Amino acid sequence: MPELLDIATRIAGMAGAGEQVEAYVAHSRETDVRVYGGEIESLSSAESEGVGIRVIRNSRQGFAYAGSLDPRVIEETLAEARDNAGFATPDPHAGLAEPDGVEKVSLDLWREDLAAVPTADKVALAIELEARARGLDARVRQAESADYGDALTEAAVASSTGVSGTQRRTGCHVSVFVLVGEGEDTQTGGGYSVGRSFSDLDINEAADDAVERAVRMIGARKTRSARLPVVFDKRVTTSLLAILGSTFSGEAVLKGRSMFAERLGQEVAHPSITLVDDPTEPAAYTASGQDAEGLATRRNVLIDAGVASRFLYDSYSARRAGARSTGSAVRGGFKSAPGVGCRALSLAPGDKDEEAILASIGTGLFVQGIQGVHSGVNPVSGDFSVGAEGLMIRDGQLAEPVREVTIASTLQRMLLEVLEVGSDLEYLPGTAAGLTLAVDGLSISGS
Amino acid sequence: MIEETTLQRVLTRALQTGGEFAEVFAEDKRTTAARLDDGRVEDMTSGRDRGAGIRVVVGETTGFAHTADLSETGLMAAAEAAAAAARSGGGGVREVSLGTRTQGRGGRQAKLIDPGSMTKASKVALLEAADHAARSAGGAISQVSAGYGDSRRRILVANSDGLLAEDDQVRTRFSVSCVATGDTGMQTGAEVRARTGGFEMFDAIPAEAVALEAARRALLKLSARPAPSGVLPVVVKSGSGGILFHEACGHGLEADHILKDSSVYAGRVGQKVASELVTLVDDGTMGGEWGTCAVDDEGHPASRNVLIENGVLTDYMWDFLRARKEKRPVSANGRRQSYEHLPMVRMTNTYLLSGAEDAEEIVNQTKLGVYVARLGGGSVNTATGDFVFGMTEAYMIENGEITDPIRDANLIGNGPDILGRIDAVADDFDMCPGTCGKDGQQVPVGCGQPTLRISAMTVGGTAGA
């Protein structure tokens, strides 16, 4: 770990006169097991490392990466980044992060024991998971896949502007995807469990969830087109919040791509909505004490009781907006330069659990899964249309299953037409926490 | 990249704990990308990925390891890790000797202008030309972003059956995305062109033309009305509509899903699975297309495979592992994102053959429906067959005429059901590039079809149909 920081610091130290250099150095070890029919289908073990280098010269940015920490490769990569900087358009706001005096929250995201777990135990857990899922219900035909995966990742960032830091984390998961059916009818369901430590994993939770989700869909049909309230399952809420979060990017605002650009201080959502991005929340699997530029992450309130309250910035977009970085730089590993993004979104929970919300809705559609988010949700225009599967809500309770329908509205309208925010907040994999969420006025297209 | 004698020693080592099959996949990939946004070239980036993935197969189990170290020491360590990961079998020494080398040229067309030979300034100039063109398309264009990317990927595959193959794949991609702002808010329009090949792509498709297409779409949607909600006839224009087949049946015809019985098409070879107007092909040999290669990522020469002929299912797509299990030939559909990934069954260029009808006639014969001029993407659950695809340029058809543009929405259907409802196929075939994601791996693919009609499909808008 200090070694990665040493490498990053050494690269940052190669900055010439009138030049800024930032190095992001990462190393990871991963194991992935897939099991099928009680046997290992595949077992991968991998160790990878690399460096991403940003150079700012004459108000221009260049970037290069390489999947190697070989000193010769690092030198070539730096030279390439320097050369690339000659081709950007000069931008007075171009530059790396500067120390801002905000202290990093110390987060303990590393579990030493994960590194010591023998591969045989990981395999055994995946086999046990598959067996559990297959044995839960006579209608389970098979588990198409039962997986175990883990990653131990370490990263260091250092810049010639005096920012530096390290972050390391462990993570593991099990997941299972089952096929169930009666006669010609086949339905599917997935379940998972995630943790930082091997002992956090709960195969029963993963198997039960997968089978419950699949079995309750048996006999599902299209429903008639209608406009109805929709109750989103926790997992679905997670993906909706991730899209919503992107519209609060200061970069999107500056570039005229955010529907909330002119709306700060205005009511954009139902008063029950308070949306926070807080990477310092240790319960979030995506928690991080520092952002991708090495600044301290912090709690940012994006929507406060329905009112748009803040946009997120990295150091570049902040400089351009005349604001301060909110510690919101993110990057997709060493292969990309940083940009603005959310890490750990959550809605302030309400006071009803799923059962109470269903009861209060009376008639509607409970959506347990959505399909086609990338092809049907436009975060710029707000147009929202996705494939959905779930269960009708009748008399305040879950009723017959429904599939092959779409639900549609706009993100703007959905925010204003929130009916209930669940009390059942749970951190799930991904950049947002899940909870049950009820929204009015969605168009359901079916038969 | 690696000496033949080294490869033989590494493969022999990989088999020494009883492996039945071993493979070295080495890759050396260089990429250049540049992005213009908000009127500025934000940055130019370069990447280098170089390494090898080694797999060892014992029975039904595959062990896999990868390394960025292509020295014999690095490869030996990866071979041992892969062998250890595979369940060990009988042991013993099996010497590997490699056969004749296949040398591919990436499946590109004869003329190649290597992007590596072009200056970075010439790549930046394309972005600037696109920005200028898009902004000149109309005052309502409020934002433009453009992306240029090229890659040169050299691969080498050697396996314990003696196979030795190399390919040198050059790809070039150009995309533009625009925002238009009007009284009704913001709308977006995008266009992407991508070829297996180099800078010669811009002779046929100037950057400005890509930009104007993106701008036109964004401007058009400012006056779009909400998409209808409900079941309607849907006419899909030639080109990007190929995504329909990629999702409605392409994934479901991949042998990994078939052998696990997790596809609605399992056990249906020889049966009618689509309207007789449907003849579907997957073809990795189409010169210059985005999903083309000379050899697949398991070293097998690309081929053209008929999947559905006149509505009857003829075959699935196969990679090495699944073909081995069924004791049949591969179909050269073994692909992987990089040396860090295991190969699996993937499509290359998947397309519907032309029919006999006239595209305009098909519209004229449709009283009320939706005309989809551009699809944006989709996804499928192969086990149930339910799939969606999103329309990013679409119009109403009223009394046989294309009328008002409509806003973005997804369409949803069930694969076998929708394939049976294709009731008209035109003669205006076209192709379109895309990126296909499966199990976390992204690979370039091509899609294609002529204009066609689906007699009834659920359109996921908000307006009463």
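This passage describes the interface between two domains of chain B, followed by two backbone outliers in phi. The model is predicted.

Chain B is divided into two domains. Domain 1 is discontinuous in numbering, covering 4-30 + 46-103. Domain 2 spans 228-464. Taken over C-alpha atoms, the centres of domain 1 of chain B and domain 2 of chain B lie 35 Å apart. The contact draws 19 residues from domain 1 of chain B and 15 residues from domain 2 of chain B.

The size of an interface is often given as the accessible area lost when the parts come together. For domain 1 of chain B and domain 2 of chain B, the buried area is about 1,400 Å². Carbon and sulfur atoms account for 59% of that area. On the domain 1 side, Phe25(B), Arg55(B) and Phe64(B) lose the most area to domain 2 of chain B. Together these three residues make up 35% of what the domain 1 side buries.

Charged and polar pairs also cross the interface. Four salt bridges are found between domain 1 of chain B and domain 2 of chain B. A salt bridge joins Arg336(B) to Glu23(B), with the closest N and O atoms 2.8 Å apart. Six residue pairs are in polar contact across the interface of the two domains, both residues of each pair being at pLDDT 80 or more.

Three strands of chain B each supply at least two residues to the side of domain 1 that touches domain 2. They are strand 1 (21-37), strand 2 (40-58) and strand 3 (61-67). Strand 2 of chain B gives the most, with six residues. By residue class, the domain 1 side of the contact comprises six nonpolar, seven polar and six charged residues.

Two residues that are not glycine have a positive phi. For Asp38(B), phi is about 55°. Asp38(B) sits in the loop between strand 1 and strand 2 of chain B. Both of these strands also supply residues to the domain 1 side of the contact with domain 2. The relative accessible area of Asp38(B) is 19%, and Asp38(B) therefore counts as buried, the cut-off being under 20%.

For Asn310(B), phi is about 45°. Asn310(B) also lies in a loop, here between strand 10 (304-309) and strand 11 (312-313) of chain B. The relative accessible area of Asn310(B) is 49%, so the residue is classed as partly exposed. The class of exposed residues begins over 50%.

Conventions:
Residues numbered from 1 in each chain as written. Chains lettered and ligands numbered in written order. Predicted model: local features only at pLDDT ≥ 70, side-chain atom pairs only at ≥ 80, totals over all residues. Heavy atoms only, no water. Domains from an automatic or database assignment. Contact = heavy atoms within 4.5 Å. Buried area = accessible area lost by both parts, 1.4 Å probe. Salt bridge = Lys/Arg side-chain N within 4 Å of Asp/Glu carboxyl O. Polar contact = N/O pair within 3.5 Å; in protein donor to acceptor, adjacent residues only side chain to side chain. Helix = DSSP H or I, 4+ residues; strand = E, 2+ residues; numbered from the N terminus. Nonpolar A, V, L, I, M, F, W, Y, C, P; charged D, E, K, R; others polar. Buried < 20%, exposed > 50% of the residue type's maximum accessible area, 1.4 Å probe, protein only.
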